[in-house]
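The following account leads the reader through the sheets, the helix packing and the ligand surroundings of a single structure. The discussion proceeds element by element.

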Amino acid sequence: MNIVVVGGNGLVGRNVVRRLRAKGHEVSAASRASGVDIVTGEGLAQALEGAEVVVDVSNSSVLTGEAPCEFFKAAIANLLQAEAAAGVRHHVSLSVVGTERLDDSPYFRGKAFQEACIRASGIPFTVLHATQFFEFLLDIVEVSVYDQALRLAPAYIQPVASADVAACLAELALRPALNGVIEMAGPEREPMSEIIQRFLIQIEAPYEVVTDALAPYFGARLASDSLLPGTDAHLCAMDFGAWLNQSEYWGASW
Ligand SMILES: NC(=O)c1ccc[n+]([C@@H]2O[C@H](COP(=O)([O-])OP(=O)(O)OC[C@H]3O[C@@H](n4cnc5c(N)ncnc54)[C@H](OP(=O)(O)O)[C@@H]3O)[C@@H](O)[C@H]2O)c1
């Protein structure tokens, strides 16, 4: 099968590319690094020539402020238009569990807009909603830290290994389109403030966690279950401890 992975150089994307190539498919990674810019449309038509399936795992390089919303709006319009012109038969997209509940956040407004465009496009689609990647805990630290302290909500999160998400996407890309959304998550749920506290201790980062129910998460106020999957979600086996033991963050110097 001819498959284009948009954002194929990113954390999830490179793992999806590797898995699909290992199964013998013709796979290309499209991103600015390969001359394809989905915000401007540059190189997109050429990149999608002959593509049967597109897996979109692109992401805004800026996660805060209005930038991610602008990114997702511009990118999805260009991408779906180019896919329709190229005759793509299946659009597979990665989004986030709880997207529809986090409208105060420009990031999640952008993701919700992306999903609405996919549904309206007429192109057969599958959307995978994943919970936060274990790797993303570090991004949460980076956007929340101020003066050696982090204000974090005690809302529950149920993080998952990005490698498990990539494996699921690679399978979905080879199956018929679901024309719907499925959810996946890790095996354990825990208040965000507590798992990040544990993470900081494990990696010996010198930050203090302050639990604050009003602390925003990428601009959104969180209810205790805002980021949790539904009861039908597929749960992966790798837990935080197992992931941390094999991660590159172990023993990093801060
Ligand atoms: N992080 C989480 O916990 C989490 C959880 C659930 C779902 N997700 C979703 O997973 C997806 C992928 O996340 P990730 O962490 O793998 O992202 P990532 O590592 O930041 O990779 C993003 C990719 O997008 C490409 N990209 C950025 N701007 C582009 C542009 N203008 N044109 C073309 N390509 C562009 C980047 O390549 P270049 O720099 O070469 O352009 C890169 O390959 C996102 O949609 C996110 O919403 C994330």
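Which helix lies across β7 and β11, and at what angle does that helix run to β11? In this predicted model, the helix in question is α7, residues 192-202, and its direction makes about 175 degrees with that of β11. By the cut-off of over 145 degrees for a roughly antiparallel arrangement, α7 is therefore roughly antiparallel to β11.

The sheet beneath this helix deserves a description of its own. It is an open sheet of three strands, ordered β6-β7-β11, and its pairing is mixed. The edge positions are taken by β6 (145-146) and β11 (208-211); each has a single partner strand, so one side of each is left without a neighbour in the sheet. Between β7, residues 149-152, and β11 the pairing is parallel and extends over four bridges. Within that pairing, Arg151 has Val210 of β11 as its bridge partner. A further helix, α5 (residues 136-144), also packs on this sheet, where it touches β6 and β7, and its direction makes about 105 degrees with that of β7.

The two helices that pack on this sheet also meet each other. The axes of α5 and α7 come within 11 Å and cross at roughly 95 degrees; the two helices are therefore roughly perpendicular to each other. On the α5 side the contact involves Leu137, Ile140 and Val141, which meet Ile195, Ile196 and Phe199 of α7. The residues of this contact comprise six nonpolar, no polar and no charged.

The second sheet is open as well, with seven strands in the order β2-β1-β3-β4-β5-β9-β12 and parallel pairing. Its edges are β2 (26-30) and β12 (234-235), each with a single partner strand, so one side of each is left without a neighbour in the sheet. Inside this order, β5 (residues 125-130) pairs with β9 (residues 180-185) in the parallel sense over five bridges. His129 finds its bridge partner in β9 at Glu183.

Two further helix pairs can now be considered. For α3 (residues 67-86) and α4 (residues 106-120), the axes come within 7 Å and cross at roughly 15 degrees, which means that α3 is roughly parallel to α4. The crossing of this pair is right-handed. Among the contributors to the contact are Phe71, Phe72 and Ile76 of α3, together with Tyr107, Phe113 and Cys117 of α4. By class, the contact of α3 with α4 holds eleven nonpolar, two polar and three charged residues.

How do α1 and α6 pack, and at what angle? Their axes lie 8 Å apart, at an angle of about 50 degrees, with α6 spanning residues 162-174; α1 is therefore oblique to α6. This crossing, too, is right-handed. The contact includes Leu11, Val12 and Asn15 of α1, and Ser162, Ala166 and Leu169 of α6. Its residues divide into eleven nonpolar, two polar and one charged.

The ligand provides the final point of reference. It is surrounded by 25 residues, of which Gly7, Gly10, Ser31, Arg32 and Phe136 are the closest. The elements that give two or more residues to this shell are α1 (11-22) and β4 (90-96). In composition, the shell around the ligand contains twelve nonpolar, ten polar and three charged residues. Helix α1 thus appears twice in this description: in the contact with α6 and in the shell around the ligand.

Methods. Residues numbered from 1 in each chain as written. Predicted model: local features only at pLDDT ≥ 70, side-chain atom pairs only at ≥ 80, totals over all residues. Near = placed C-beta within 6 Å. Nonpolar A, V, L, I, M, F, W, Y, C, P; charged D, E, K, R; others polar. Pairing = 2+ DSSP bridges. Contact = placed C-beta atoms within 7 Å. Axes fitted to C-alpha atoms, helices over the stretch in contact; angles between N-to-C directions. Parallel < 35°, antiparallel > 145°, perpendicular 65-115°, else oblique. Left-handed = near helix turned anticlockwise from the far one by under 90°.
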